[in-house]
Structure formats: C-alpha cells, structure tokens
Amino acid sequence: MQVGFVSLKDYRSYEDVELRFRPGVNILVGPNGVGKTNIAEAVGYTSTLNSHRVAVDLPLIRQGAGQAVIRAAAIRGDRQISLEIAINPGKANRLQVSGSPVRGKDFVGLLRTVVFAPEDLALSKGDPGERRRFIDEVLIQRSPRYLAVKTDYERVVRQRTALLRSIAGTRGATARADTESTLAVWDDQLVATGGALLFGRLSLLDELAPLVAQAYALVAGGKSGTVSYQARSLAAFKDHDGLPREVSELEDLLRQELSDRRPEEFARGVTLVGPHRDDLTLLVDGLLAKTYASHGECWSMALALRLGSFELMRGLGDDAGDPVLILDDVFAELDSQRRAALADVAAGAEQAIITAAVAEDVPRVTAAQTFTVTPGNVTSDG
Ligand SMILES: Nc1ncnc2c1ncn2[C@@H]1O[C@H](COP(=O)(O)OP(=O)(O)OP(=O)(O)O)[C@@H](O)[C@H]1O
Ligand SMILES: [Mg+2]
C-alpha cells in the first residue's frame, strides 16, 4: 500500500501544503524544527487517528487556526481511496472516505502505516501503558473491530472504578448492597469486553512474537530479543504461554480473579483486574530490557517491535500489501550496522517515508525520492 497525494491545511506548522509521495523510499530533509516530523505525523495520524507524539489532538491544529484538515490518497493495489480528516478542538473529528462521512472504525486502517520514531524508546524504557498502547494500535490496524472493543472496555473500567470509589465511601449495609448489585452488572461487562480484548492481544502476540525475535536478530545480530504478554492481573497466569486462547476460558479467569480480589478492590476503590493492568515483557538475552539493556539495546528492541509489526501487517494477505513504513528521525540514533539493516528494510518496502535533519545519516538507497522541507513548505527534488 502507498500514500500518494497529501494535503495539510492548518496542521501544526503548515498553513497550506501539498505533496505527492512516490512509490519506494521518500526522504524528507531539512534543518531541525522545520516541519519534517509534522508531515510524517500527519500520515501516521491518517492511518490510526493517533499522533505518535502527543496523546491529545489540540497541538495538531496550527496556532491561531480553528480547525486542521488532512487530505490523503491511500493507494491499495489499483484502488485509490481518498481520506479526509477535519480535526476540531474539543469535538470529535469529522472523517470522510471518498467524500462520504464515516465513523472511526470504518476509517482506521484504510491507510496502514508502521511508524518508528524517537518516542519509541519509551516502548522499552517507559511504563506499561506505552506497551499496551503499542499492542492495541497494532491490533486495531490488523482488525479494526477492536477499536470498538477497546473503547467499550475503557468505558466499562472508568464507570466501574467510579462505582467502586463511591462504594468505598458508602456507609450502611442497605446502601452498600444496592451499589454492589449495580457492580455485578459492570463485572459482567468487564468480563465480556476485557475477555475479548485479552483474546485479541494474545492472538496478536502469538503471531507477532516470532516476527519480533527475527527482527531483533536482524538489527542487532548476536543477542536475542523477545516479547511476550504479561497478564499482570491474572495472578495464576503470569506466563504468556500458559494462558488459554479461548475467549470463554479467559472470561472465566477474569471472573474468578474479580471475585478473589473483591475485598482489595473495595478497600482501594480501583479496578484491579483486567487487561488495562497488563504489560508486555521485553527481554534481551533473557534479561528485562527496561532494567538491564543498554541504550542501544533498548533502541534495537523498540525497532524490532516496529519491524515485527511491519512484517505482521505485510503478511495479512488482503489487498493492502505492505504498510507504509515511516521512519522519523531515527537513523541518527543508530550505529552503522543497524542503519544498514533498517535501510534494507525500507528499500524492500512498497513505500517508506523517512525524515532526517542530515541527509548523510540515511544510507544511500537506490531510486529514493528526496523532498526538501523549508518552513511551511515542502518541495520535491526531482
Ligand atoms: N500547532 C502548531 N502550530 C504552529 N506551529 C507548530 C504547531 N505544532 C508544532 N509547531 C511547530 O512545528 C515545528 C516543529 O516541526 P517538526 O517537529 O516537524 O520539526 P522537524 O523538522 O521534525 O525537526 P527535528 O529535525 O528537530 O526533528 C516547531 O517549530 C513547532 O513550533
Ligand atoms: Mg523531527
């Protein structure tokens, strides 16, 4: 798959810019702060409706403007799909596919991308939430129906937690019994949506883990890098391989755990059970990356997670082909062996978009198209 035409109106530093990406490798070059990442971010946002840099949308709208608009053409085989996103402050995005309004679940994944960026160091070093976001984003791109599963699950956890908190403050047996019966309803929903999300993540990990291990060997040679799922809230099943792969069995486990931890949840007023507490275990040569790995090894691990996702999506066997590989400011961080390995992957992709402040940091790739980025403008060099 490829992205062809892209137009940004009042997006980040751009008032109005248009560019046309080519098949193969596209390199955006320009000094620091000129707007290279803004372009890469806009393409990634068109694919996932998430920025790889910020958790909220407001910074995406150009200072002083009322709305940002991204238009892009996704090219799948011989099919071209025109995508449009209007980002409005404090309101839901307005999304259109080929001129017709659609909802998020019918929009995400029409353009498929894998973004690797400096922020990804947090995949190795950061909190579990970073790794959960990673796994859910890959899951949703692979199977967009999980967008609804995730949204529903997060709503259930929020509301259930609010109820637990109110119970913690409830005096009197009758009032407490009333709230507890309401809690049972939320328990059912937590088990149903949490079981579905857990199932999705585990099935994804079964496919992703071997690809991540291969990618780690490719970029870092010599040592091994692995990823596995850590169901932190299922006390008896901390080991990924020991977890069942049947939705009903996962639901039973969640229900049992809820019952076991009921007193603790009441005491703390927090939902302690469910995939919102889970994590991925990243190991370099058997040691936890976060605590033992070197800076470069943490980078390699993050890169392996992204390249593993790239391989997973390219193997989905639908009409999308390869996802667009977006490499934002990453070559400067890598040693020459890793640079060469990454450049090879980019050169073998249907399309790659690379940003770099210094062109020489990117190994020479044949038939690459270079774009020069100046403040507010992008020009093609050929
Ligand atoms: N909402 C916004 N409105 C106006 N300008 C913005 C907005 N968001 C970001 N910018 C500007 O965009 C510029 C940063 O652009 P970007 O991150 O794309 O730079 P870059 O070319 O990738 O630089 P580097 O090489 O340092 O990574 C900054 O000068 C920043 O002030
Ligand atoms: Mg940048």
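Here's a quick tour of one ligand site, one sheet and a few helices. Keep in mind that this is a predicted model. Ligand 1 has 17 residues around it, and an open sheet of six strands has helices packed on it.

**Around ligand 1**
- Of the 17 residues that surround ligand 1, the closest are Ser13, Asn32, Lys36, Thr37 and Asn38.
- Helix α1, which covers residues 36-48, gives the most to this shell, with three residues.
- If you sort the shell by character, you get nine polar, four charged and four nonpolar residues.

**The sheet**
- Read across the open sheet and the six strands come in the order β8-β12-β13-β3-β14-β15, with mixed pairing.
- At the edges sit β8 (113-116) and β15 (377-380), and each pairs on one side only.
- From one strand to the next, the twist averages 20 degrees.
- Strands of a sheet pair through backbone hydrogen bonds, either parallel or antiparallel.
- Here, β3 (residues 24-29) and β13 (residues 351-356) go for the parallel option, over six bridges.
- Ile27 stands opposite Ile354 in β13.

**Helices on the sheet**
- Helix α9 (residues 295-314) packs on the sheet and touches β8 and β12 (324-328), with its direction at about 170 degrees to that of β8.
- Helix α10 (residues 336-348) lies across β3, β12 and β13, and runs at about 145 degrees to β12.

**A look at helix α3**
- Helix α3 (residues 128-142) has 15 residues and reaches 21 Å from its first C-alpha to its last, close to the 21 Å expected at 1.5 Å a residue.
- Its buried residues include Arg131, Phe134, Ile135, Asp136 and Val138.

Notes:
Residues are numbered from 1 along each chain as its sequence is written. Chains are lettered from A and ligands numbered from 1 in the order in which they are written. This is a predicted model: local features need pLDDT of at least 70, side-chain atom pairs count only at pLDDT 80 or more; totals for chains, interfaces and linings use all residues. A residue is near a molecule or strand if its C-beta atom, placed from the backbone, lies within 6 Å of it. Helices (H or I, at least four residues) and strands (E, at least two) are DSSP runs, numbered from the N terminus. Ala, Val, Leu, Ile, Met, Phe, Trp, Tyr, Cys and Pro count as nonpolar, Asp, Glu, Lys and Arg as charged, and the others, Gly among them, as polar. The expected span of a helix is 1.5 Å times one less than its number of residues. A residue is buried if 20 or more other C-beta atoms lie within 10 Å of its own, exposed if 12 or fewer, and partly exposed in between; C-beta atoms are placed from the backbone. Two strands pair if DSSP finds at least two bridges between them. Axes are lines fitted to C-alpha atoms, for helices over the stretch in contact, and angles run from 0 to 180 degrees between N-to-C directions. Two residues are in contact if their C-beta atoms, placed from the backbone, lie within 7 Å.
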